[in-house]
Amino acid sequence: MIDEEQQLKEMRIEILGNSSDASEDETFKRMLKKAKTRYLNLVYPFDRTITELPDDRARNWQTDCAIELYNLDGDENLTSYSENGLSESYEKAGLSQGLLNELPPPKAGAPK
């Protein structure tokens, strides 16, 4: 089972290039928490009783999402930007379409 320390290590390697550099761990933990919330909201939109990710596949997605959120640095919903004509476009949940395509379909149900 993938734990938070393994996720942090992967984020350190991907973002900082050094698995032992813990200087951004607090920020990484916030990004992991945001990514977890996005997963649960997108996959279980009607079931607020589910509070944990179901498996390692979901935790891998969480890590990839956290890396993407970190790299977006506040521009989470911005997918396209044009300067002089000022044209901006935004995506669902502020994530790339490739990352969203990796999600399982939302679980059906009635709002509770």
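Modeller: Before we start, a helix here is a DSSP run of H or I with at least four residues, and helices are numbered from the N terminus. Keep in mind that you are looking at a predicted model.

Biologist: Thanks! How many helices and strands does the protein have?

Modeller: There are 4 helices, along with 2 strands. Follow the chain along its sequence and you meet them in the pattern α-α-α-β-β-α.

Biologist: How do I read a pocket, and what is the volume of the largest pocket?

Modeller: The general idea is friendly enough: rolling a probe the size of a water molecule over the atoms shows where empty space is left. In this protein, the largest pocket has a volume of about 220 Å³. Its lining counts 13 residues, and those closest to the centre of the pocket are Gln7, Lys36, Glu52, Leu53 and Gln62.

Biologist: Which helix gives the most to the lining of the largest pocket?

Modeller: That is helix 2, with 4 residues. Helix 1 (4-16), helix 2 (25-43) and helix 3 each supply at least two residues of this lining. Sorted by class, the lining of the largest pocket holds 7 charged, 4 nonpolar and 2 polar residues.

Biologist: And which residues line the second largest pocket?

Modeller: Look for Tyr39, Pro54, Asp55, Arg57, Ala58, Asn60, Trp61, Asp64, Glu102, Leu103 and Pro104. The second largest pocket contains about 160 Å³ of space. Helix 3 provides the largest share of its lining, 5 residues. By class, this lining has 6 nonpolar, 4 charged and 1 polar residue.

Biologist: Let me try a single residue. Where is Thr63 found?

Modeller: Thr63 sits in helix 3, which covers residues 56-72.

Biologist: Is Thr63 buried or exposed, and why?

Modeller: A residue is called buried when its relative accessible area is under 20%. Thr63 has 1% relative accessibility, so Thr63 counts as buried. Across the protein, 29% of the 112 residues count as buried.

Biologist: Which residues does Thr63 touch?

Modeller: Leaving out residues up to four places away in sequence, Thr63 touches Gln7, Glu10, Met11 and Leu32. With Gln7 there is also a polar contact, made between the two side chains at 3.1 Å. You have met Gln7 already, among the residues closest to the centre of the largest pocket.

Biologist: What about contacts in the protein between residues at least 6 apart in sequence: what share joins residues at least 24 apart?

Modeller: Of those contacts, 57% do. To finish with the outside, the protein exposes about 7,200 Å², and 46% of that comes from carbon and sulfur atoms.

Technical notes. Residues are numbered from 1 along each chain as its sequence is written. This is a predicted model: local features need pLDDT of at least 70, side-chain atom pairs count only at pLDDT 80 or more; totals for chains, interfaces and linings use all residues. Side-chain values use heavy atoms; hydrogens and water are left out. Buried means under 20% relative accessible area, exposed over 50%, partly exposed in between (1.4 Å probe, protein chains only). A polar contact is a pair of N or O atoms within 3.5 Å; within protein, one must be able to donate a hydrogen and the other to accept it, and residues adjacent in sequence count only if both atoms are side-chain atoms. Contact means heavy atoms within 4.5 Å. On a 1 Å grid over the protein atoms alone, a cavity is a set of points where a 1.4 Å probe fits but cannot get out, and a pocket is an open set with protein on both sides within 12 Å along at least five of seven lines; lining residues have an atom within 4 Å of a point. Grid points are joined across faces, edges and corners, and a volume is the space filled by probe spheres set on the points. Ala, Val, Leu, Ile, Met, Phe, Trp, Tyr, Cys and Pro count as nonpolar, Asp, Glu, Lys and Arg as charged, and the others, Gly among them, as polar. Accessible areas come from the Shrake-Rupley method with a 1.4 Å probe; for residues, only the protein chains shown count as cover.
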